[in-house]
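Colleague: Please take me through one part of this model slowly, starting from the inside, and then show me what lies around it. I am new to reading structures, so plain steps would help.

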Amino acid sequence: MEKTYNHQKYEEDVYKLWEKSGAFTPKKDPKKKPYTIVLPPPNASGKMHTGNVLMIAIEDILIRWKRMQGYSALWIPGTDHAGFETQITFERRLKEQGKSRFDFDRATLYKKIWVFVQENKHLIEDQIRSMGASVDWTRNKFTLDPDVLETVVNTFKKMFEDRLVYRADYMVNYCPTCGTTFADLEVNHKERKDPLYYMKYGPFVLATVRPETKFGDTAVAVHPNDKRYKKYIGKEIEVDGLLGKFKLKVIADKFVDPEFGTGVVKVTPAHDKNDYEAGKRHHLEVKPVIGLDGKLNQKAGRFAGLTINEARKKVVEDLKKKGLLEKIDENYVHTVAVCYKGGHDIEPTILPNWFVKVGPLKEPAHEVVKKGKVKIYPKWQEVKYHRWMESMNDWPISRQVVWGIRIPAWYSTSENLNLQITFLNKDKVTKSGNLADLLKEYSLDEIRGGLQTLIAPADAKFSISDKNPGKDYLQETDTFDTWFSSGQWPLVTLGYPNSSDFKYFYPADVLETAWEILRLWVSRMIMFGLYLTGKPPFKDVYLHGIVRAMDGRKMSKSLGNVINPEEYQEEFGTDALRMGLISGTANGHDFNFPRDKVIAYRNFANKIWNIARFINLMFEKYSEETGINVPFLPDKKNKTQKLLKKEDKQILDDLNETTKKVDNSLEKYRFADAAEAIYHFMWDRLASDYLEKTKNREDKEISLSVLRHVYFNSLKLLHPFMPFITEVIWQELKDLRKRPDQLLISTPWPVINSKD
Ligand SMILES: [Zn+2]
């Protein structure tokens, strides 16, 4: 054996050795019990981060432990297309080239992102390998694989038939100039000075920067504790507006800032996010007065057809004329939302969106956790699940991005001439408008070929189908929320509904992930699993903590405190990184990246390497001197047993205790406890104590036989945590073993009380 352990020399080869041996691919043996984990698929938007690496370490520990215990242990790897997040990352790249998504039709954009994602996928897969993950690559999955698409589309069809999906209004960030919606992350906020108008409004005076939306007001609101307006709360007021008299309700809601203006605000649920939320709380009518073309609609009477800015001027003029404008504050500074593309004002707009009705799905999903059919570890995280299940509302599942699974809804163009379309014509010029107008100038084929987005009105006629139902159809351009497909991950990875894998391995044993996505992901998987199979998709959920930067803050590129796990793998070895992270994670709490611990475990790796060298030398020396083979424990003739000294019995007992401790801790997902138990046993008991004593023993035959037994079993216990070095040593010492050709990954786990 070499003097020191050089991880860089061994890790890659050892991984290949495992993979080639077939150890990662379990057999569906009816005599064995299955043990299944599906890897939460890392996002194919970029490389893995420290949290992913912790996840890999934890799951690999579980799967190696169970594999050694004799289970048919399956761990399925994969990657997530991560719709919106990936598209944003890709668009940043486009920006560097002076381009944006608006330069491409959706089919071209999709292909470009596909290529980008393939690169990331390979990087991620290499990282998973480098971490030593004993995943079954023959079952590798991607959330855009054809069989995944088929399942996801079928689920949607089934839900539609079961009346669990519907279209309804949803507030989005719409830019009338760009003719498209923007995600929250794509909206910039900037400070700007705008006039603040104080207008008379029935018995009140109220302040607003947007008098032109008054035609869409469906209430006025005050703060519930505002004494000035107490007597009006719940009453109706009569307002003499620019289009005649009308009545409005006065509501009390804490969202009103009594310090702003006069403490009274008009509520326009169709054109303001806060008002929209307030509208939902108070069941207010939603009355849109601005169209997708950025002009006021028929509800604005004689103001219809004016752009937002034109309408504002005209409304202010008319308010002045009628004596309804009390004053104008010309120096009002406020924050406005603008689109990232052109800096245009965002118009919060109600658009039809696809929703999942969650009521019937969440009831059973809540039940299984309440009844303990799905257990959440650590237990204190469970309350988050209950709270979420109690408060979960219907789930908006459409996203206005190209990168994803397109919703399988089709609009007949002859029946839906009012579709709002944006496309690139054959000269690559953006055209926007309603279908009827566009068809006067362009053929449907040209529109379809250059299609970017379509917006179908709430009453549009559609059919749900996995393929084009006819010549004159256009498919919905919205894609599924990425959690809609990843919510079916345990099903699609295991070949739901008919595969033999599904029959043998479903449900999975444990779902291990970051607590951050309990709501977004774990709850959805439970809902889908129960809905489609009647069984929860896994028995246990283990939620790990978040790895923070060393300064205790969240890692972020802008703070410059992001830790690159690969640097640690290179410098200290993958085993040390894994162990360091594992010992940092005390029962699922968040923790700072434990650099000191990584270094300590690099030292530990050196320690166990040195023990191996020492044992190797002792055995060589002994056989040279005596020509006798050291007997194996347990000795069937029971000869050795009788000759054991007190210290031998003690170390054998301690090994038993340690095995118990590791097993019990892993059963409870207490990884740090398990790791520390084996660490202390090997360092304090075996190396510092027992090994020292053997140096002076006269009865070398006995002490060496105990030493070998204890050391090999320690390697087994340590293997799930530090797989590389333990396997390397196992191979280095193969001449001391009964079965030299055996790989450590495939050996049986130590049995408590056995002395083999
Ligand atoms: Zn814009």
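**The inside first**

Modeller: Happy to! The largest nonpolar core has 169 residues, and those with the most contacts inside it are Ala 57, Ala 605, Ile 608, Ile 678, Ile 725 and Ile 729. Please keep in mind that this is a predicted model. In soluble globular proteins, nonpolar side chains tend to be buried together.

Let us zoom in on one of those residues, Ile 678. What does Ile 678 touch, once its neighbours within four places in sequence are set aside? Its contacts are then Thr 658, Val 662, Ser 714, Leu 717, Leu 718 and Phe 721. A second core, separate from the largest one, has 23 residues, and among them are Phe 204, Ile 251, Val 267 and Leu 284.

To put these cores in their setting, step back to the protein chain as a whole. Of its 756 residues, 44% count as buried. The C-alpha trace spans about 115 × 65 × 50 Å along its principal axes, and the chain holds 23 helices and 28 strands. If we take the contacts with a separation of 6 or more, 78% of them join residues 24 or more positions apart.

Now for two helices, beginning with α17, residues 574-584. Is α17 enclosed or open? All the counting points one way: 11 of its 11 residues are buried, so the helix is largely enclosed by the rest of the structure. The buried residues of α17 include Leu 577, Met 579, Leu 581 and Ile 582, but Asp 575 and Arg 578 are buried there too.

Helix α3, residues 83-96, can be read face by face. It has 14 residues and reaches 20 Å from its first C-alpha to its last, close to the 20 Å expected at 1.5 Å a residue. Its buried residues are Gly 83, Thr 86, Gln 87, Phe 90 and Glu 91. Look down the axis of α3 and these fall within an arc of 135 degrees, so they line one face of the helix. Among the elements that cover them are α4 (106-130), β17 (398-399), β24 (479-480) and α12 (482-486). On the face turned away from that buried side you will find the exposed residues Arg 92, Lys 95 and Glu 96. Just after the helix, Gly 98 takes a positive phi of about 75 degrees.

Strands are next. One open sheet has three strands in the order β8-β7-β13, with antiparallel pairing. Its edge strands are β8 (204-208) and β13 (325-339), each pairing on one side only. From one strand to the next, the twist averages 20 degrees. Strand β7 (residues 187-201) is joined to β13 by 12 bridges, and Glu 191 has Thr 335 in β13 as its bridge partner.

Another open sheet of three strands runs β20-β19-β21, again with antiparallel pairing. Here β20 (430-434) and β21 (451-455) stand at the edges with a single partner strand each, so one side of each is left without a neighbour in the sheet. The twist in this sheet averages 10 degrees from one strand to the next. Strand β19 (residues 420-424) pairs with β20 over five bridges; follow Thr 422 across and you arrive at its bridge partner in β20, Ser 432.

Notes
Residues numbered from 1 in each chain as written. Predicted model: local features only at pLDDT ≥ 70, side-chain atom pairs only at ≥ 80, totals over all residues. Helix = DSSP H or I, 4+ residues; strand = E, 2+ residues; numbered from the N terminus. Expected span 1.5 Å × (residues − 1). Buried ≥ 20, exposed ≤ 12 C-beta atoms within 10 Å, placed from the backbone. Arc of directions from axis to C-beta. Contact = placed C-beta atoms within 7 Å. Pairing = 2+ DSSP bridges. Axes fitted to C-alpha atoms, helices over the stretch in contact; angles between N-to-C directions. Core = buried A, V, L, I, M, F, W, Y, C linked by C-beta atoms within 7 Å.
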